[in-house]
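Got the viewer open? Let's walk through this one step by step, starting with the overall layout.

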Amino acid sequence: MIFKYPIEDIESVASAILKQVTSKTLLFYGDMGVGKTTLIKALSKQLGSTSNVSSPTFSIVNEYEIEDGLIYHFDLYRIKDEEEALNFGIEDYLFNDQWIFIEWPDKLVSILPEKFNKIEIKLNLDGSRTLKLSSNTNLTQKKAKKQ
């Protein structure tokens with residue numbers, strides 16, 4: 001699914017994304033300043049968070065309460081590699097039934113959950129954004145579809 005939107009429409013985009021996701025783990029890809037954290041703020045609000053959502057660049061993870069659970073928001077820009085993430089206990093966060101939002105997930109390739117949605121955001125010349133939402137299908141699911 002692809003969305004092209006002005007930043008003023010971020011709330012409706014967040015609502016549409018939440019209707020389409022197939023996982024509570026959302027991976028955010030895009031250049032610095034493209035609007036990943038802004039989208040995460042809108043998604044968190046749509047999920048019912050009243051927290052002040054901000055980038056966890058220095059804390060690495062922020063936790064936001066919602067009515068039926070939690071949102072864990074990661075910004076992995078500053079970590080060096082998967083070992084550093086494992087040292088702070090990222091696996092405890094990744095493998096539970098809470099919402100997981102990860103900025104810069106390319107640093108965790110081999111330890112990501114099998115099921116996730118990928119959100120790629122690009123800034124257009126006119127200031128709008130283009131967002132591509134896709135689902136990961138693990139090998140077991142692909143084999144089952146062929147049978």
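Colour by secondary structure and trace the chain from the N terminus: the order runs β-α-β-α-β-β-α-α-β-β-β-α. That comes to five helices and seven strands. Keep in mind that you're looking at a predicted model.

Now zoom out to the C-alpha trace. The radius of gyration is 15 Å, close to the 15 Å the globule rule gives for 147 residues, so the protein is as compact as a globular protein of that length. Along the principal axes, the C-alpha atoms fill a box of roughly 45 × 40 × 35 Å.

Next, head inside. Select Ile-17, Leu-39, Leu-43, Trp-99, Phe-101, Ile-119 and Leu-131: in the largest nonpolar core, which has 26 residues, these touch the most other members. Which elements should you light up around them? Strands S1 (2-5), S2 (25-29), S3 (61-66), S5 (99-103), S6 (117-123) and S7 (129-135), plus helices H1 (10-20) and H2 (36-46), each supply at least two residues of this core. H1 gives the most, with five.

Stay here and centre on Ile-119. Leaving out residues up to four places away in sequence, Ile-119 touches Ile-17, Leu-26, Leu-27, Phe-28, Tyr-29, Leu-39, Leu-131, Lys-132 and Leu-133.

Then jump to a second, separate core of 18 residues; pick out Ile-79, Ile-90, Trp-104 and Leu-108, which are among its members.

Finally, switch on the surface. About 8,400 Å² is exposed, with carbon and sulfur atoms supplying 48% of it. Colour the charges, too: there are 18 positive and 21 negative side chains, and the centres of the two sets lie 8 Å apart.

Terms used
Residues are numbered from 1 along each chain as its sequence is written. This is a predicted model: local features need pLDDT of at least 70, side-chain atom pairs count only at pLDDT 80 or more; totals for chains, interfaces and linings use all residues. Side-chain values use heavy atoms; hydrogens and water are left out. Helices (H or I, at least four residues) and strands (E, at least two) are DSSP runs, numbered from the N terminus. The radius of gyration is taken over C-alpha atoms; the globule rule is 2.2 Å times the number of residues to the power 0.38. Accessible areas come from the Shrake-Rupley method with a 1.4 Å probe; for residues, only the protein chains shown count as cover. Lys and Arg count as positive and Asp and Glu as negative; His and the chain ends are not counted. The place of a charge is taken as NZ of Lys, CZ of Arg, CG of Asp or CD of Glu. A nonpolar core is a set of buried Ala, Val, Leu, Ile, Met, Phe, Trp, Tyr and Cys residues joined through side-chain atoms within 4.5 Å. Buried means under 20% relative accessible area, exposed over 50%, partly exposed in between (1.4 Å probe, protein chains only). Contact means heavy atoms within 4.5 Å.
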